[in-house]
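Me: Please take a close look at the surroundings of the ligand, and explain each term as you go.

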Amino acid sequence: MAKQDDQFKKVISHAKEYGYIFQSSEIYDGLSAVYDYAQNGAELKKNIRDYWWKAMVQMNENIVGIDAAILMHPTTWKASGHVDAFNDPLIDNKDSKKRYRADVLVEDYCLKIEAKIEKEVKKAAKRFGDAFNKEEFVSTNGRVVGYQEKIDTILARLGKSLENEDLADVKALIEELEIADPVSGSKNWTEVKQFNLMFGTKLGASADTAMDLYLRPETAQGIFVNFLNVQKTGRMKIPFGIAQTGKAFRNEIVARQFIFRQREFEQMEMQFFVKPGTQKEWYEAWKENRMKWHLSLGMGADNYRFHDHEKLAHYADAAADIEFKFPFGFKELEGIHSRTDFDLKAHEKHSGKKLQYFDHEAKESYVPYVVETSIGLDRMFLAIFSNSLVDETLEDGSERTVLRLPAVLAPTKAAVLPLIKRDGLPEIARKIMDDLKFDFNVIYDEKDAVGRRYRRQDAAGTPFCITVDHDTLEDNMVTIRHRDTMEQQRVKIEDVRSIIMKEVDMRAWLMKM
Ligand code: ATP
């Protein structure tokens, strides 16, 4: 655990030191769980967004993208169920005065049991060596089976109590499990209460005529209310999808873990409208498609897993998360939800307008079912950033910190470095920059010894360094150094662009999907 904490602290400080993420309004001591993306962070975020958008919108002829407003008519949130049901169960510790999400306390308790399972697996893997069969071990080892049963029983009970709004039972569960406040160790808890997560605001200048609004807590509703507009104007035929990326706001009870859980964040969502009865197939297909998208970034299949929901949201008939191994353990990165016709029907009811699709072949109208994929852009950022940050010991015993961002997403693709600041080398370096800048973000760096400059770019995540030296004056060649392998090649200046392009072109990465 301490090792995990250290790694996570390193991630946070590296994100600041290398211009990725700053605390919001830092000069006023910041605002809790609100962050600003700095010069490199904004680029990385944009690249992740583009990678998602291309995979969703550009690569699928039956998916289009929109950009709906953050402010929506307040009845939207009545219809969607957010006014009545977008609550989290909160509990306070009477001694430490700290506030927690009751469900998260129980889930964290289960994570600790899960860590014990992992420990048993590791021990056994060591003992049995090559002959080790993990699946067989976890299904037959008495101790592991016992741990798993305990987790399943606890989560099933939690799911049931939350579904039935039986908050007294959630409290009873916390007491039975003897869960203590992680800060103070105290078990002196208040009752569990529901807390609505939407931020309210007002539209209009005068107090009497102002209208109460909410900052959207999810982007999905902007898609639902535009369903028919898009279907008609785009002449879309079912099945089809509408995608969008944009800010969402939630007044989270406990917003910890850096950008993992913020009060203002960005979502990338796609609602796929299907014929009722076919939702199960589409749900499975989108689960598979989204996992492929993640794996195409090459961050290791072991870092992802599906988690099927026990407790379904009020609108869903099936739901799963894609979880990622963050520095603090496996947590939700993306949700895939089969939302039935809940939202469109609710908007029909509250607006009095029909939101139906006319199927020309079957000659019938119906309210489509919806399968949604919903991923937090900031969480994806954290997944990539934390996974990429590594400390390496090199062959000569020296250390280097390298940010192994997938090259396609790296904020800066290359740094151009004149070996020294004179003899015409800076001029050649500038000329190379001037050519490359049409295709890539490139930077120029002439300060310090070249070795130090390499290290600086490694830590900033730049996949290539291009060094101009005295031989360049003679042979028109430069040294290109690869961040991950540190391999250096002597290449013609005119070939630099295509060498970089080969590694960073989205096309090649998306083809791996
Ligand atoms: P959690 O259980 O972690 O609160 P959720 O199930 O409420 O998440 P959804 O409503 O399904 O999340 O939202 C879809 C995605 O939006 C999540 O998978 C996550 O990546 C992202 N997300 C949700 N809440 C936040 C937040 N407060 N900060 C950053 N990203 C978030």
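**Around the ligand**

Reply: Among the contacts of the ligand, a backbone N or O atom of Gln262 lies 2.8 Å from one of its nitrogen atoms, which is a polar contact, here a pair of N or O atoms within 3.5 Å. This is a predicted model, in which local features need pLDDT of at least 70 and side-chain atom pairs count only at pLDDT 80 or more, while totals for chains, interfaces and linings use all residues. Residues are numbered from 1 along each chain as its sequence is written, and side-chain values use heavy atoms, with hydrogens and water left out.

Two side chains also take part: a polar side-chain atom of Glu252 lies 2.8 Å from a nitrogen atom of the ligand, and a polar side-chain atom of Arg379 lies 3.0 Å from an oxygen atom of the ligand. Of the 590 Å² of accessible area that the ligand has on its own, the protein covers 86%, with areas taken from the Shrake-Rupley method and a 1.4 Å probe.

The shell around the ligand holds 17 residues, of which Glu252, Arg261, Gln262, Glu332 and Leu333 come nearest; a residue is counted as near if one of its heavy atoms lies within 4 Å. Strand 10 (264–274), strand 13 (329–340) and strand 16 (369–376) are the elements that give two or more residues to this shell, and strand 13 gives the most, with 5 residues; strands are DSSP runs (E, at least two residues), numbered from the N terminus. By type, the shell divides into 4 nonpolar, 6 polar and 7 charged residues, where Asp, Glu, Lys and Arg count as charged, Ala, Val, Leu, Ile, Met, Phe, Trp, Tyr, Cys and Pro as nonpolar, and the others, Gly among them, as polar.

Definitions and conventions
Polar contact = N/O pair within 3.5 Å; in protein donor to acceptor, adjacent residues only side chain to side chain. Helix = DSSP H or I, 4+ residues; strand = E, 2+ residues; numbered from the N terminus.
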